[in-house]
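This briefing introduces a protein model to a reader who is new to structural description. Please look over the sequence and the structure before reading on.

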Amino acid sequence: MLIAHKIALNPNNTQATYFARAAGTARFADNWALAEWQQQYKVWKADASLPKPSQRSLRRQLNAITREQSPWMREVSKNVPQMAIIQLGAAFKNFFAGRAHYPQFRQKGIHDRFTLTNDQFRVDGSRIRIPKLGWVRMREAWRFAGKIMSATLSCKADRWFASRKTCSNGGH
């Protein structure tokens, strides 16, 4: 069973700047991938012999162009843009299954967030270690035990929060 848990963070100015940069990187990756998906889907509809767009192919394409076209993306964890595209792939899967609306482009300042997988961060008491940043204080310790699957850092009203998904049966 998955359990979600959300805790306020106490970042200093440098950490808050990093969070904003990471959220911007995730937003850029998400919007780039959505535009590419739409373009590739139109091409695929016109010629079904071409490959259908997928989150895996979009992640490879973004990795290929990042070094030359968007070197600023390398200032944050490589997991940030990758998870944004993986989440977009899940959004399209839900859309095609009839469980959700068509994915929309993300706007700056509205639901700013980024996600890290469980191998990208560490929790120790009431602090969390973020790649390329270091330890960030949390207002309280995690309340639930279990294997941490992922953590999403989000901003609401200029306050940052960490929410995590935990598998209560040890990840099985």
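The points below treat the overall fold, a hairpin, two unusual backbone angles, the empty spaces and one distant pair of residues.

The model is predicted. Its protein chain has 3 helices and 7 strands. Of the 172 residues, 39% count as buried.

**Overall fold**

- Read along the sequence, the elements of the protein chain follow the order β-α-α-α-β-β-β-β-β-β.
- The C-alpha trace of the protein chain spans about 55 × 35 × 25 Å along its principal axes.
- The radius of gyration of the protein chain is 17 Å, which agrees with the value near 16 Å that a compact globule of 172 residues would have.
- Among the contacts in the protein chain with a separation of 6 or more, 64% join residues that are 24 or more positions apart.

**The hairpin of β4 and β5**

- Strand β4 covers residues 127–130 and strand β5 covers residues 134–138; the two pair in the antiparallel sense over 4 bridges.
- One of the residues involved is Arg127, whose bridge partner in β5 is Arg137.
- The two strands, β4 and β5, form a hairpin with 3 residues between them.
- Side chains in a regular strand alternate between the two faces of the sheet.

**Two residues with a positive phi**

- Most residues other than glycine have a negative phi.
- Lys132 is a residue other than glycine, yet its phi is positive, near 65°.
- Lys132 lies in the loop between β4 and β5, that is, in the turn of the hairpin.
- Is Lys132 buried or exposed? Lys132 has a relative accessible area of 56%, and because the cut-off for exposed is over 50%, Lys132 counts as exposed.
- Ala157 also is not a glycine, and its phi is positive at about 55°.
- Ala157 has its place in the loop between β6 (147–156) and β7 (159–167).
- With a relative accessible area of 69%, Ala157 is exposed.

**The cavity**

- Rolling a probe the size of a water molecule over the atoms shows where empty space is left.
- How many cavities of 30 Å³ or more does the structure hold? The structure holds 1 such cavity.
- The largest cavity contains about 30 Å³ of space.
- Its lining consists of Ala26, Val80, Met83, Ala84, Gln87, Arg106, Arg113, Phe114 and Thr115.
- Helix α3 (79–96) and strand β2 (113–117) each supply at least two residues of this lining.
- Helix α3 gives the most to the lining of the largest cavity, with 4 residues.
- By class, the lining of the largest cavity holds 5 nonpolar, 2 polar and 2 charged residues.

**The largest pocket**

- The space in the largest pocket amounts to about 240 Å³.
- The elements that give two or more residues to the lining of the largest pocket are α2 (55–69) and α3.
- Which element gives the largest share of the lining of the largest pocket? That share, 4 residues, comes from α2.
- The residues lining the largest pocket are Leu62, Asn63, Thr66, Arg67, Met73, Arg74, Val76, Ser77, Lys78, Pro81, Gln82 and Lys132.
- Lys132, the residue with a positive phi in the loop between β4 and β5, is thus named among the lining residues of the largest pocket.
- The lining of the largest pocket divides into 4 nonpolar, 4 polar and 4 charged residues.

**The second largest pocket**

- The second largest pocket has a volume of about 180 Å³.
- Asp30, Ala84, Gln87, Leu88, Ala91, Pro103, Gln104, Arg106 and Arg113 form its lining.
- Helix α3 provides the largest share of the lining of the second largest pocket, 4 residues.
- The lining of the second largest pocket has 4 nonpolar, 2 polar and 3 charged residues.
- Ala84, Gln87, Arg106 and Arg113 appear in the lining of the second largest pocket and also in the lining of the largest cavity.

**His101 and a distant residue**

- His101 is found in the loop between α3 and β2.
- His101 is exposed, with a relative accessible area of 73%.
- How many residues apart in sequence are His101 and Glu140? His101 and Glu140 are 39 residues apart in sequence, and their C-alpha atoms are 35 Å apart in space.

How values were computed
Residues are numbered from 1 along each chain as its sequence is written. This is a predicted model: local features need pLDDT of at least 70, side-chain atom pairs count only at pLDDT 80 or more; totals for chains, interfaces and linings use all residues. Side-chain values use heavy atoms; hydrogens and water are left out. Two strands pair if DSSP finds at least two bridges between them. On a 1 Å grid over the protein atoms alone, a cavity is a set of points where a 1.4 Å probe fits but cannot get out, and a pocket is an open set with protein on both sides within 12 Å along at least five of seven lines; lining residues have an atom within 4 Å of a point. Grid points are joined across faces, edges and corners, and a volume is the space filled by probe spheres set on the points. Ala, Val, Leu, Ile, Met, Phe, Trp, Tyr, Cys and Pro count as nonpolar, Asp, Glu, Lys and Arg as charged, and the others, Gly among them, as polar. The radius of gyration is taken over C-alpha atoms; the globule rule is 2.2 Å times the number of residues to the power 0.38. Buried means under 20% relative accessible area, exposed over 50%, partly exposed in between (1.4 Å probe, protein chains only). Contact means heavy atoms within 4.5 Å.
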